[in-house]
Amino acid sequence: MIFDLHNDYPTALDKSKFDGYVSSNDGVTIVAAVFTTEFDRAIAADKVKDLRAALRGVPTAIEDMGFVTDEKTLSEFDLGGLLYCSLTWNYNNAFAGGALDDGTLTQLGRRAIELMNGRCAVDLAHLNKKSFYAALDAAARPICSHTAFGEHPRCLDDAQVRALTARRGLIGLCAVRSFTGAETADALCSVADTFVQRYGADCLCLGTDFNGTADLPEDLKDYRDIPRLIDGFIKRGYTSADINKILYDNAKQLYEETKRERHL
């Protein structure tokens with residue numbers, strides 16, 4: 001069983017193919033991340049509404065709330081049924097500063113987090129460090145849906161990981177080579193193993209970013225290749241329980257806890 005915290009298939013595929021994509025990946029729970037940065041801002045709100053209707057019953061998230069630009073639109077946005085929302089992509093917007101920019105969390109961003117609290121998790125992915133720590137302080141349930149660990153601006157450093165895991169915040173390890181430095185599935189398993197040795201396995205899961213990037217390991221292009229990760233964990237002495245925790249249980253727990261908080 002696999003639970004992937006972040007896959008951009010709602011943006012990459014025509015919505016007529018959503019059911020087929022999910023059903024073809026039997027045994028995999030896929031969080032459908034609606035990547036709004038791809039949309040024309042004039043139609044983004046309608047596009048998001050349309051996609052959410054098509055994804056009804058599927059774990060769904062919003063990547064980049066930047067299509068919302070003011071308090072009125074924010075207060076009218078339906079957060080119900082979402083697993084998580086991120087405030088921005090790589091650049092500043094009305095909510096926060098992105099990983100490649102220098103802004104910080106704004107008053108509107110704080111209001112957005114206030115509305116998310118108790119409804120969905122607050123995704124800290126794509127934030128710069130100033131915004132990361134400000135959002136972490138404000139969020140009731142902070143996570144980082146797809147990231148890695150290192151010097152790249154999209155990665156988390158040691159202090160960020162420790163601050164997030166101290167809050168029991170879940171971290172999704174992505175498969176993006178430029179973030180992880182991993183050219184193969186086995187090398188990505190080494191990245192995961194380094195994390196586990198430092199911080200434990202309770203806050204790590206998969207956040208592949210499949211369909212959101214072509215920059216993937218040569219032998220880890222889709223879910224059919226996940227057994228290579230499993231083989232890597234086994235080679236490193238991981239028990240079935242620990243493998244399941246990373247590949248399924250941790251993300252499933254986030255999903256179930258978020259559902260209970262919303263009283264669904």
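**View 1. Phe77 is a buried residue that pairs with Phe67 in this predicted model.** Let's start with Phe77, which counts as buried because its relative accessibility is 17%, under the 20% cut-off. Its partner, Phe67, is buried too, with a relative accessible area of 9%. The structure holds twelve aromatic pairs, and here is one of them: the ring centres of Phe67 and Phe77 are 5.6 Å apart and their planes stand at 70°, so the pair is edge-to-face. This pair links distant parts of the chain, ten residues apart. Phe67 sits in the loop between strand 3 (60-63) and helix 4 (71-76), while Phe77 belongs to the loop between helix 4 and strand 4 (82-86).

**View 2. Phe195 and Tyr199 form a tilted ring pair.** How far apart are the ring centres of Phe195 and Tyr199? They lie 4.9 Å apart, and with the planes at 55° the pair is tilted. Both residues are in helix 9 (residues 185-199), four residues apart, which is about one turn of the helix. An α-helix has 3.6 residues a turn, so residues three or four places apart point the same way. Phe195 has a relative accessibility of 2% and counts as buried.

**View 3. Helix 11 has a kink centred on Ile246.** Helix 11 covers residues 240-261, 22 residues in total. From its first C-alpha to its last it reaches 29 Å, close to the expected 32 Å. The kink at Ile246 is about 55°. Among the buried residues of this helix are Ile246 itself, Asn250, Glu257 and Thr258. Tyr248 and Tyr255 are also on the buried list, and ring pairs link these two with Phe3 into a cluster.

**View 4. Helix 10 packs against helix 11.** At what angle do the two helices pack? The angle between helix 10 (residues 226-235) and helix 11 is about 145°, and their axes are 10 Å apart. Helix 10 passes helix 11 in a right-handed crossing. On the helix 10 side, Ile226, Ile230, Phe233 and Ile234 take part, meeting Ile243, Ile246 and Leu247 of helix 11. Those three helix 11 residues are buried, and Ile246 is also the centre of the kink.

**View 5. Lys221 lies in the loop that leads from strand 8 (204-206) to helix 10.** Is Lys221 buried or partly exposed? Lys221 counts as partly exposed, because its relative accessibility is 41%. Leaving aside neighbours within four places in sequence, Lys221 is in contact with Phe210, Ala214 and Leu216. Ala139 is 82 residues from Lys221 along the chain, and their C-alpha atoms are separated by 33 Å.

Notes. Residues numbered from 1 in each chain as written. Predicted model: local features only at pLDDT ≥ 70, side-chain atom pairs only at ≥ 80, totals over all residues. Heavy atoms only, no water. Expected span 1.5 Å × (residues − 1). Bend = angle between axes of the 7 residues up to and from the residue. Buried < 20%, exposed > 50% of the residue type's maximum accessible area, 1.4 Å probe, protein only. Phe/Tyr/Trp six-rings, centres within 6.5 Å; stacked < 30°, edge-to-face > 60°. Axes fitted to C-alpha atoms, helices over the stretch in contact; angles between N-to-C directions. Left-handed = near helix turned anticlockwise from the far one by under 90°. Contact = heavy atoms within 4.5 Å.
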